[in-house]
Amino acid sequence: MEIENLNILKNHIEIKYNSKIYSREMIFSAAYILTDKAYIIIDGDIKTGLIVKIWSKEKIDSKNLKKLAYDFNDELLNCQVYENQSTKNGKLREIMLKRA
């Protein structure tokens, strides 16, 4: 299993995300979750795609850099699913709160 658009460089990784699939807000949310493990810079253009650059806070090899990329991707998916579920269940939540 490989992440498309993943570049493993000497001391960091770069992943390009399609902004039509993942919103800027979700990318920022996933980045925030990993700030205890990594330094993260988000670059690019919302129209052409965002580039996430990740440096580990600890010295690690390329295998563990790749794992960090997978961790970021997992967090991004978690954030996106949470947002989708919140949006989907928002009206139901409002109805339940009005009844209480």
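Start by selecting K67 and D71 in this predicted model: their side chains form a salt bridge, with the closest N and O atoms 3.1 Å apart. Both residues sit in helix 2, and because they are 4 residues apart there, about one helical turn separates them. Colour the two by accessibility and you will find K67 partly exposed, at 47% relative accessibility. D71, on the other hand, is buried, with a relative accessible area of 16%.

Keep D71 on screen and add K37. These two side chains also meet in a salt bridge, at 3.3 Å from N to O. This pair reaches across distant parts of the chain: D71 belongs to helix 2, K37 to the loop between helix 1 and strand 3, and their positions lie 34 residues apart in sequence. K37 counts as partly exposed at 38% relative accessibility. Now show K37, K67 and D71 together, since salt bridges with shared partners join them into one network. As a reminder for this stop, side chains of opposite charge can pair when their charged atoms come close.

How many salt bridges are there by this rule? The count comes to 3. For the pair not yet visited, select D43 and K53, whose side chains meet at 3.8 Å, N to O. D43 lies in strand 3 and K53 in strand 4, so the pair ties together parts that are 10 residues apart in sequence. D43 is partly exposed, with a relative accessible area of 38%.

You are now at the strands, so stay a moment and show the backbone of strands 3 and 4. They pair in the antiparallel sense over 8 bridges, and a hairpin joins strand 3 to strand 4 through 3 residues. To follow the pairing by eye, pick I42, which stands opposite V52 in strand 4. Then pick G44, which stands opposite L50 in strand 4.

Next, bring in strand 2. It pairs with strand 4, again in the antiparallel sense, over 5 bridges. Here I13 is a handy marker, as its bridge partner in strand 4 is I54. Is strand 4 largely enclosed or largely open? With 6 of its 8 residues buried, it is largely enclosed by the rest of the structure.

From here, step into the nonpolar core. The largest one has 22 residues, and those with the most contacts inside it are I13, I15, Y17, I27, I54, F72 and L76. Strand 2, helix 1, strand 4 and helix 2 each supply at least two residues of this core, and helix 2 gives the most, with 7 residues. In soluble globular proteins, nonpolar side chains tend to be buried together.

Centre the view on F72 and display its neighbours. Leaving aside residues within four places in sequence, F72 is in contact with I15, Y17, I27, A30, A31, L34, I40, V52 and I54.

Then move along to L65, which lies in helix 2. L65 counts as buried, at 3% relative accessibility. Not counting residues up to four places away in sequence, L65 touches I8, L9, K10, N11, H12, I13, I54 and I60. Draw a distance from the C-alpha of L65 to that of I54: the two are 8.4 Å apart in space and 11 residues apart in sequence.

To finish, zoom out and select all of helix 2, residues 62–99. This helix has 38 residues and reaches 54 Å from its first C-alpha to its last, close to the 56 Å expected at 1.5 Å a residue. Where is the kink in helix 2? Look for a kink of about 45 degrees centred on N89.

Finally, colour the buried residues of helix 2, which are L65, L68, A69, Y70, D71, F72, L76, C79, Q80 and G90. Turn on the elements that cover these residues, including strand 1 (6–8), strand 2 (13–17), helix 1 (24–33), strand 3 (38–45) and strand 4 (49–56). That brings you back to D71, the buried residue whose salt-bridge network with K37 and K67 opened the tour.

Terms used
Residues are numbered from 1 along each chain as its sequence is written. This is a predicted model: local features need pLDDT of at least 70, side-chain atom pairs count only at pLDDT 80 or more; totals for chains, interfaces and linings use all residues. Side-chain values use heavy atoms; hydrogens and water are left out. The expected span of a helix is 1.5 Å times one less than its number of residues. The bend at a residue is the angle between axes fitted to the seven residues ending there and the seven starting there. Buried means under 20% relative accessible area, exposed over 50%, partly exposed in between (1.4 Å probe, protein chains only). Contact means heavy atoms within 4.5 Å. Two strands pair if DSSP finds at least two bridges between them. A salt bridge is a side-chain nitrogen of Lys or Arg within 4 Å of a carboxyl oxygen of Asp or Glu. A nonpolar core is a set of buried Ala, Val, Leu, Ile, Met, Phe, Trp, Tyr and Cys residues joined through side-chain atoms within 4.5 Å.
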